[in-house]
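Colleague: I am new to this structure. Please pick one part, look at it closely, and then show me what lies around it.

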Amino acid sequence: MKPTPLHRRALLAAVSTVVALGVTAGAALASPATSQVPGVSQARAAEHPQAQALQAALRGLPDGEATSAVVRAGGRDGRWEGSAGVREVRHNSPALTHGRFRAGSTTKVVTAALVLRLVADGKINLDRPVQRYLPGLLTPEFQPVTVRQLLNHTSGIQPAAVADASWEEQYARRLDVVEPEVVVAAGIARGPEFAPGTQQHYLNINYTILAMLVEKVTGRSFEEGAARHVFRPAGMRNSSFPGADSRINGPHNRGYQLVDGQRVDVTEWNVADRWAAGDMISTLDDLERLLTALFRGKVVPQQQLKEMFTIPRNIAGANKSAGLERFMVDGVEVWGKTGARPGYNTVIAATRGLTRTVVYSVTGTDAHGQGQAVGQRFAFPAFR
């Protein structure tokens, strides 16, 4: 059987990750899995000023909002770590604190960092139209769309479908492999939604096109670029792009969707179509390393890093930059990224100077529908 682009990328990613990170394929997590009594939070280094509020958020798990949560708050104001809930509801086993999970759209932080690193290396120009890099990708209906407009979601390129399929349809197709290029072609076929630079519409398709652009200018797979230019300088040793593999390989908490009052196991789910927009599997340690290394300028040079803290001007309601989003929590400006895939909610967030940071992995029972509520419960207390 002829390998598809997706399978070729998966093979290249596996090889390049070993080369870039110097680890053996299938190596165990750097930190041993630890756990606690189900439903009872366990905190460390409780000198963090919001330790009590953070610990309170974990009480009662599993509940209707999540089956497990692992939260880590840090920064110059102190450090705190807590976990609660179960690894698997059938056996009521304690939640893992160092397991792997679907990182969802926090993947976009990696993609944006890679693009900006290539900008620093002179391989990509933020103000050059994507039509110059990928001729023929966009139809003549589209005005010039710059790389910067892809990064900050002001491109005007539409998603593949007007609305997501029903839950039943999504679940029935959860193991299907859909090439991301097919998704891009379907979105482009719908024509532009608005003139580039006039509105902001957060969409995965922008970051899928960015990955295609990365591969065009480097001659290498997107996954290899991410491993060499983001994972390695950030010290991320247990992150990967599973591609056509619908499993989470390695220790992990199982994810569930609440359907008609019943928890449906959604751990195995193929998200290859999300690719550079949401396909990454990671760990709490790796995402914390990404957050701190990135904000300190160790992944992207300071000149290009400014793009990640720049909101498009003159666009009403805009709050997203290149890979990040700006939040205001009780008057505190916070920069970060949320992620949601069926069964999994993820956050990385910090003040610009890393005075306060928070990362979490929550097995949310309605990951997309309750994303904001999960953030307010498990992340916002760290910044109050």
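Modeller: What follows is a close look at one strand, then its sheet, then the helices and cores.

This is a predicted model, in which local features need pLDDT of at least 70 and side-chain atom pairs count only at pLDDT 80 or more, while totals for chains, interfaces and linings use all residues. Residues are numbered from 1 along each chain as its sequence is written, and side-chain values use heavy atoms, leaving out hydrogens and water.

The protein has 12 helices and 11 strands. These are DSSP runs, numbered from the N terminus: helices are H or I with at least four residues, strands are E with at least two. Of its 384 residues, 54% count as buried. Buried means under 20% relative accessible area, exposed over 50%, and partly exposed in between, with a 1.4 Å probe and protein chains only.

The part to look at is strand E11 (357–364). How many of its residues are buried? The count is 8 of 8, so E11 is mostly covered. Thr-357, Val-359, Ser-361 and Thr-363 point one way from E11. Val-358, Tyr-360, Val-362 and Gly-364 point the other way. Side chains in a regular strand alternate between the two faces of the sheet.

Now the partners. Two strands pair if DSSP finds at least two bridges between them. E1 and E11 run antiparallel, joined by 7 bridges. Here Ala-69 stands opposite Val-362. E10 also pairs with E11 in the antiparallel sense, over 6 bridges. Val-362 is again a bridge partner, this time of Asn-345. E10 and E11 form a hairpin with 6 residues between them. In that turn, Leu-354 has a positive phi of about 65 degrees.

Step back to the sheet. It is open, has 7 strands, and reads E3-E2-E1-E11-E10-E9-E8, with antiparallel pairing. Its edges are E3 (93–94) and E8 (325–329), each pairing on one side only. Further along, E1 (66–74) and E2 (80–88) share 6 antiparallel bridges. Ala-69 turns up there too, with Ala-84 of E2 as its bridge partner.

Helices lie against these strands. H2 (51–58) lies across E1 and E2, at about 5 degrees to E2. H10 (284–295) packs on the sheet and touches E1, E9, E10 and E11. Its direction makes about 145 degrees with that of E11. Axes are lines fitted to C-alpha atoms, for helices over the stretch in contact, and angles run from 0 to 180 degrees between N-to-C directions. Contact means heavy atoms within 4.5 Å.

H10 leads on to the largest nonpolar core, which has 72 residues. A nonpolar core is a set of buried Ala, Val, Leu, Ile, Met, Phe, Trp, Tyr and Cys residues joined through side-chain atoms within 4.5 Å. Val-147, Leu-151, Leu-294, Phe-295 and Met-308 have the most contacts inside this core. The elements giving two or more residues to the core include H10, E10 and H3. H3 gives the largest share, 9 residues. Apart from this core lies another, of 24 residues, among them Trp-80, Val-334, Ala-382 and Phe-383. In soluble globular proteins, nonpolar side chains tend to be buried together.
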